[in-house]
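Colleague: Please take a close look at a single part of this model, namely the enclosed empty space and what surrounds it. A connected account would help.

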Amino acid sequence: MSQIDAGRLDGNGYRDDAPRVEEGFDSRVTEQPAPADHGEGPVMTDEEYQAYLDGLARHPLLTDENIRLRAESVRGLRSACFAVGLLGLAATLLGAFAVNPAHALASFEVGVFTVLAMCLGSLFFVMTLAITNSYWATTLRRQFENVASLVWLPVLGMIIVAIVEIVSGGVLLTWMKGYYEGNYILEKKRAFLNIGFFGLSTIVYAGVWIFLAQSIAKLSRDQDTSGDRWLTRLVRARSGWGLPLFALTTAFAAFHYLMSLDFRFFSTMWGVYFFAGAAMSSMAVVAVIAGSLRLVGKLNGVVTKEHSHDLGKLLFAFTVFWAYIGFSQYFLIWYSNIPEETAYFLYRKEGGWEVLSFILAAGHFVVPFFILISRKTKRNFLGILGAYMLLMQVLDMVYVIRPMVYVGKDWAPTGASPINWWLDVAAVVGVLGLFAALLLGKMTDGPLIPIKDPRLGKALKHKNYV
């Protein structure tokens, strides 16, 4: 293997992607890597890099007991999650006959898009870390990879939704219904809102997300075995073209499945709104995972309060970003006062949904803003805040999807009344239960951190100074 020949020099004269020797590692590794013969700065030779990996292998924090989760230790919990998930989905199917199909499908879609948001946000963060060559989150990155690699589960749910909508001629996606033919707004959007393009786009969304998530996770796990430092550059290169594809597919999927629930409605900020929730929920789920692992004695000294602090900063940032996008969207629609746009909020100001509007404003922004702004909270209670923010993401998806079930139907029960809310709970718990079971399986498949990543040594010594 040749020397690393890419990256920038940092303030200490090392190349960004050249691993350095940390205190406590193998003393045979020299403090000053040999300079590259092309004059671009000091890098490690193959022998020095191998010595670095040998030193990492002997690091007292990187024992199997600390960085691996045994399958038998979570077998009972995993089985319980599977059982709860299957029961929840069975109850959802029953609800399609006992309540009505539209309500059941909407509830199922709430669970699917909550999990999809977590997976897509995690994929975004993995690629962003790679393209910026960040080191601090190296010890957390494997959990983002695990969550992202399960994107196939919500994608499968999305495909089920698409099949039901197409076969039935439109349950929630009323633009598929024949009696809207000739509608002026629909005709103007027909190039985008047609069954052929909808089905083809779904396949493209699924292919892009699954390929990026699975291939990047595989490269990371391959590095655990081979120690090949060039795999880090390969992930970075893939992330370079993967991020634009991610942005486009995420935005257009949100248009197809969420915004077009009312084909008259349109918002130029809708894709960013969904992305903001996805990024926030990915930070939240990894905060829950990291906190839970530390509670059971894993990753001690590997994921520290310093890492929690920085993860908390990102959770805080995307909580504020979500609120900024949400308010900006509302303000522009209120100011322009276009009927096709204002109808979105009018549907959610009646039938009890106005209560959820206030809950989201306070619970998704005001409360976490004042809690997460505290340094102490980010360092000590981030797992609890992460679980709370995941609940807010569920309520956000309820707010987006569920009011559209009974819009314009005189026979409908009160939209947000407690009647039939068991169906919403069953569907969301069903999807989340299956996701949790699969995630536990992923966590037991290999090390909880990328054990041969070139940036791991520096990540283990990460400190906050602000």
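**The largest cavity and its helices**

Modeller: The structure holds 4 cavities of 30 Å³ or more (on a 1 Å grid, sets of points where a 1.4 Å probe fits but cannot get out). This is a predicted model, in which local features need pLDDT of at least 70 and side-chain atom pairs pLDDT 80 or more, while totals for chains, interfaces and linings use all residues. Residues are numbered from 1 along each chain, and side-chain values use heavy atoms, without hydrogens or water.

The volume of the largest cavity, as space filled by probe spheres, is about 100 Å³. Its lining (an atom within 4 Å of a point) consists of 13 residues, with R141, T232, V235, D453 and R455 nearest the centre. Two or more lining residues come from each of the helices α4 (101-132), α5, α8 and α9 (230-257) (DSSP runs of H or I, at least four residues), and α8 gives the largest share, 4 residues. By class, 6 lining residues are nonpolar, 3 polar and 4 charged (Asp, Glu, Lys and Arg being charged, and Gly polar).

Two of these helices, α5 (residues 138-149) and α8 (residues 195-226), have axes that come within 9 Å and cross at roughly 140 degrees (lines fitted to C-alpha atoms, on a scale of 0 to 180 degrees), which makes α5 oblique to α8 (outside under 35, 65 to 115 and over 145 degrees). Their contact (heavy atoms within 4.5 Å) is made by R141, R142, E145, N146, A148 and S149 of α5 together with A213, Q214, A217, S220, R221 and D224 of α8, and it has 3 nonpolar, 4 polar and 5 charged residues. R141 thus belongs to this contact and also lies among the residues nearest the centre of the largest cavity.

Conventions
1 Å grid on protein atoms, 1.4 Å probe; cavity = no way out; pocket = protein on both sides within 12 Å on 5 of 7 lines; lining within 4 Å.
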